[in-house]
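I opened a notebook page for this model and kept to short entries. Each entry records what I looked up and what came back.

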Amino acid sequence: MKITAVHAHVLEAQLSEPFAYSRMWYAKRMSMIVEVATDDGLTGWGECYGPAHINAAVVRELGTFLVGQDPLRTEYLWHELYARFRDHGQKGVVIQGLSGIDIALWDLKGKALGQPIHRLMGGPVRETVQAYATGLYRRDRPNHAAYLCEEALESRDLGFTAMKLKVGFGVADDVRAVHAVRAAIGPEIGLMIDANHAYDAVEAIRLGRRIEDADIGWFEEPVPPEDLDGHAAVKAALSIPVATGECEFTRIGFRALLERRAADIIQPDLCAAGGLSEGKKIADMALAFGVRFAPHVWGTGVAVAAAVQLLAVVPAWTPPSLSPVEPMLEFDRTEHPVRSALLQTPIAPVNGAVAVPAGPGLGIEVDRDALVRFKADR
Ligand code: CA
């Protein structure tokens, strides 16, 4: 089997109501889907997480090398592509482009061998993956606590046992939101917070101290991703676990985080940190360091499927026991018209859990009509 073409599909969709996290407003969602075609008719799908048009340019450039190659040589191709831009792209958009390609190659490998990816990566540790609800973003409405609590209860009623709230809007504002949501959902539901690196260590610690009594599962990206000492300072000052990693890349980037023990939980995005090949290595490294692994997911059903495939083989965070603490899937509950439309059978949690698909590759079928319908204007 040989690769005949690599396509980059930039997709976009307007939102019915804009929403914000600590650094910007979203009025539309963009996606970058990778399609790898082969001479025996199989197609592999992948996704990049990053600035869609730049990721597409990287994928098209890397694709010129891939045409004519054997797609099953995922390890060889990863290193060849990485080496091509090593001097200019050890982190960021180059690795994001490489990630989408790597996922598509694993999808192809599974289809060629008639096995789901998780079977090729060690076989399932679990048949279902527990999901937590990502949402609780800010909207342009007067009473934040009202709609945040309403959404939190909706997630709880859908069966989610944990959810994540956006913070980073100023300490006083965050404290109000955290306590309102905790009071609404009660003590039994997991609640995590995510600042998207809106703070420095001083402000993050101020916030943390005022919400330590709210049983926070983790404090995500309290400080900028490159500030490892800042993460470590927050971690040392608070009883709340620190999570980070959606802006980190490859096993080499995560090695520094792990060696510094700057976080309790690392969160590589498979569509950005180097794909499934690299995600598996990073998960294994986390295990060696005694650090939890909870991949970041912010994409379409392709990205969700990739995360589910890897989470199927990641061991429980605690050693085998009668009360294992299992890794969780990040499940974005915000509006994303492309996310479900792209899959012929959307991935939807039932009682807060996603069944690991048994079909070959990623275990999904992409609806080509959606690629046309949501094609970005430029
Ligand atoms: Ca995040």
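The entries below go through a metal site, a loop, some helix contacts and three single residues.

**Entry 1. Status of the model**

I note at the start that this is a predicted model.

**Entry 2. The calcium site**

I asked which protein residues donate to the calcium ion. I found Asp194 through OD, and Glu220 and Glu246 through OE. These donors lie 2.1 to 2.3 Å from the ion. Along the sequence I read the spacing of the donor residues as D-x25-E-x25-E. Aspartate 194 belongs to strand 7, residues 190-194, and glutamate 220 to strand 8, residues 216-220, so this pair ties together parts 26 residues apart in sequence.

I then looked up whether two of these donors are buried or exposed. Aspartate 194 has a relative accessible area of 1%, so I logged it as buried. Glutamate 220 comes out at 0% and is buried too.

**Entry 3. The loop after strand 7**

I went through backbone angles next. As background, most residues other than glycine have a negative phi. Asparagine 196 has a phi near 45°, which is positive, and it is not a glycine. Histidine 197 is not a glycine either, and its phi is positive at about 45°.

I checked where these residues sit. Asparagine 196 is in the loop between strand 7 and helix 7, and histidine 197 is in the loop between strand 7 and helix 7 as well. For accessibility I wrote down 4% for asparagine 196, which is buried. Histidine 197 has 16%. The cut-off for buried is under 20%, so histidine 197 also counts as buried.

**Entry 4. Helix 6 against helix 7**

I looked up how helix 6, residues 171-185, crosses helix 7, residues 201-211. Their axes come within 10 Å and cross at roughly 30°. Angles under 35 degrees count as roughly parallel, so I recorded helix 6 as roughly parallel to helix 7. The crossing of the two helices is right-handed.

For the contact itself, I listed Val171, Asp174, Val175, Val178 and His179 on helix 6. On helix 7 they meet Glu203, Arg206, Leu207, Arg210 and Ile211. By class, the residues of this contact are five nonpolar, one polar and four charged.

**Entry 5. Helix 3 against helix 10**

I repeated the query for helix 3, residues 93-113, and helix 10, residues 275-289. The axes are 6 Å apart and the packing angle is about 95°. That makes helix 3 roughly perpendicular to helix 10.

The helix 3 residues in the contact are Ser99, Asp102, Ile103 and Trp106, and the helix 10 residues are Gly275, Leu276 and Ser277. I sorted the residues of this contact into three nonpolar, three polar and one charged.

**Entry 6. Helix 8 and lysine 235**

I asked which residues of helix 8, residues 228-237, are buried. The list is Gly230, His231, Ala232 and Val234. What do the buried residues of helix 8 pack against? I found helix 7, strand 9 (242-244) and helix 9 (250-260).

Lysine 235 is also in helix 8. Leaving out residues up to four places away in sequence, lysine 235 touches Val242, Arg261, Ala262, Ala263 and Asp264. I checked one pair by C-alpha distance: lysine 235 and aspartate 264 are 29 residues apart along the chain and 8.0 Å apart in space.

**Entry 7. Glutamine 309**

I found glutamine 309 in helix 11, residues 301-311. Its relative accessibility is 0%, so I entered it as buried. With residues up to four places away in sequence left out, glutamine 309 touches Pro116, Ile117, His118, Pro357, Gly361, Leu362 and Gly363.

**Entry 8. Valine 338**

Valine 338 sits in helix 12, residues 337-341. It is buried, at 0% relative accessibility. Apart from neighbours within four places in sequence, valine 338 contacts Leu11, Ala13, Ser31, Thr300 and Phe374. I also took the C-alpha distance from valine 338 to leucine 158, 180 residues away along the chain, and got 21 Å.

Note on methods
Residues are numbered from 1 along each chain as its sequence is written. This is a predicted model: local features need pLDDT of at least 70, side-chain atom pairs count only at pLDDT 80 or more; totals for chains, interfaces and linings use all residues. Side-chain values use heavy atoms; hydrogens and water are left out. Donors are N, O and S atoms within 2.8 Å of the metal (3.2 Å for Na, K and Ca); water is not among the atoms, so sites may look incomplete. Helices (H or I, at least four residues) and strands (E, at least two) are DSSP runs, numbered from the N terminus. Buried means under 20% relative accessible area, exposed over 50%, partly exposed in between (1.4 Å probe, protein chains only). Axes are lines fitted to C-alpha atoms, for helices over the stretch in contact, and angles run from 0 to 180 degrees between N-to-C directions. Angles under 35 degrees count as roughly parallel, over 145 as roughly antiparallel, 65 to 115 as roughly perpendicular and the rest as oblique. A crossing is left-handed if the near helix is turned anticlockwise from the far one by less than a right angle, and right-handed if clockwise. Contact means heavy atoms within 4.5 Å. Ala, Val, Leu, Ile, Met, Phe, Trp, Tyr, Cys and Pro count as nonpolar, Asp, Glu, Lys and Arg as charged, and the others, Gly among them, as polar.
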